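User: Hi! I would like to go through this model with you and ask how each label is earned.

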Amino acid sequence: MAAMTDAAVLRLAAEARAVEQGHVARTDGPRDYLVRSDTIEGSWRVEWRPLSDWILFACTCPAGVNHTFCKHVALVGRRLERDAIAVWRDGWWWLCHPAQHPVPSDPFEGL
Ligand SMILES: [Zn+2]
């Protein structure tokens with residue numbers, strides 16, 4: 001097995017933090033999830049889009065907006081895995097069945 005990249009280690013650490021802190025991702029639409037915030041009243045919104053055979057994520061939290069991997073995205077990735085949409089491989093989330101998730105004309109729209 002190849003050594004995990006630094007990014008993969010950070011992503012797994014983010015997921016561990018989210019689970020240890022008891023966070024859950026609630027569905028708010030087919031590609032939207034809400035994760036309760038520790039720092040503000042309310043929740044952060046995590047969205048995902050298919051991009052070829054991998055998954056693009058965006059989170060509204062400060063780390064997510066700065067494209068730093070955050071625990072909210074990690075949690076949603078694992079949720080997608082449970083729902084048989086995503087699989088974790090080589091340090092990133094990939095679609096299990098890319099043909100079932102056509103790439104939007106502008107996958108970055110709204111992210
Ligand atoms: Zn976040």
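User: Where is the place of Ala 84?

Analyst: Ala 84 sits in the loop between α3 and β5. Helices (H or I, at least four residues) and strands (E, at least two) are DSSP runs, numbered from the N terminus. Two points on the ground rules: residues are numbered from 1 along each chain as its sequence is written. This is a predicted model, where local features need pLDDT of at least 70, side-chain atom pairs count only at pLDDT 80 or more, and totals for chains, interfaces and linings use all residues.

User: Why does Ala 84 count as exposed?

Analyst: A residue is exposed if 12 or fewer other C-beta atoms lie within 10 Å of its own, buried if 20 or more do, and partly exposed in between, with C-beta atoms placed from the backbone. Ala 84 has 9 C-beta neighbours inside 10 Å, so the exposed label applies. Its phi is near 60 degrees, a positive value in a residue other than glycine.

User: And what makes Ser 52 exposed?

Analyst: Ser 52 has 11 other C-beta atoms within 10 Å, and therefore it is exposed. Ser 52 belongs to the loop between β3 and β4, and it has a positive phi of about 60 degrees although it is not a glycine.

User: Why is Thr 60 called partly exposed?

Analyst: With 17 other C-beta atoms within 10 Å, Thr 60 falls in the partly exposed class. You will find Thr 60 in the loop between β4 and α2 (62-65). Leaving out residues up to four places away in sequence, Thr 60 touches Trp 44, Arg 45 and Val 65. Here a contact needs C-beta atoms, placed from the backbone, within 7 Å.

User: Which residues touch the most other members of the largest nonpolar core?

Analyst: Such a core is a set of buried Ala, Val, Leu, Ile, Met, Phe, Trp, Tyr and Cys residues joined through C-beta atoms within 7 Å. Among its 21 residues, Val 46, Phe 57, Cys 59, Val 73 and Val 76 touch the most other members. Two or more residues each come from α1 (6-20), β2 (32-36), β3 (43-51), β4 (54-59) and α3 (71-82). The most, 5 residues, come from α3. As for Phe 57, not counting residues up to four places away in sequence, it touches Val 46, Trp 48, Val 73 and Val 76.

User: How do you know that β5 and β6 pair, and in which sense?

Analyst: Two strands pair if DSSP finds at least two bridges between them. Strand β5 (residues 86-89) and strand β6 (residues 92-95) have 4 bridges, in the antiparallel sense. In these bridges, Ala 86 stands opposite Leu 95, and Arg 89 has Trp 92 as its partner. The two strands form a hairpin with 2 residues between them, and Asp 90 in the turn has a positive phi of about 55 degrees.

User: Why does the radius of gyration of the protein chain agree with a compact globule?

Analyst: The radius is taken over C-alpha atoms, and the globule rule is 2.2 Å times the number of residues to the power 0.38. For 111 residues a compact globule would be near 13 Å, and the protein chain has 13 Å, so the value agrees. Along the principal axes, the C-alpha atoms fill a box of roughly 40 × 35 × 25 Å.

User: How many helices and strands does the protein chain have?

Analyst: There are 3 helices and 6 strands, and along the sequence they follow the pattern α-β-β-β-β-α-α-β-β.

Technical notes:
Contact = placed C-beta atoms within 7 Å.
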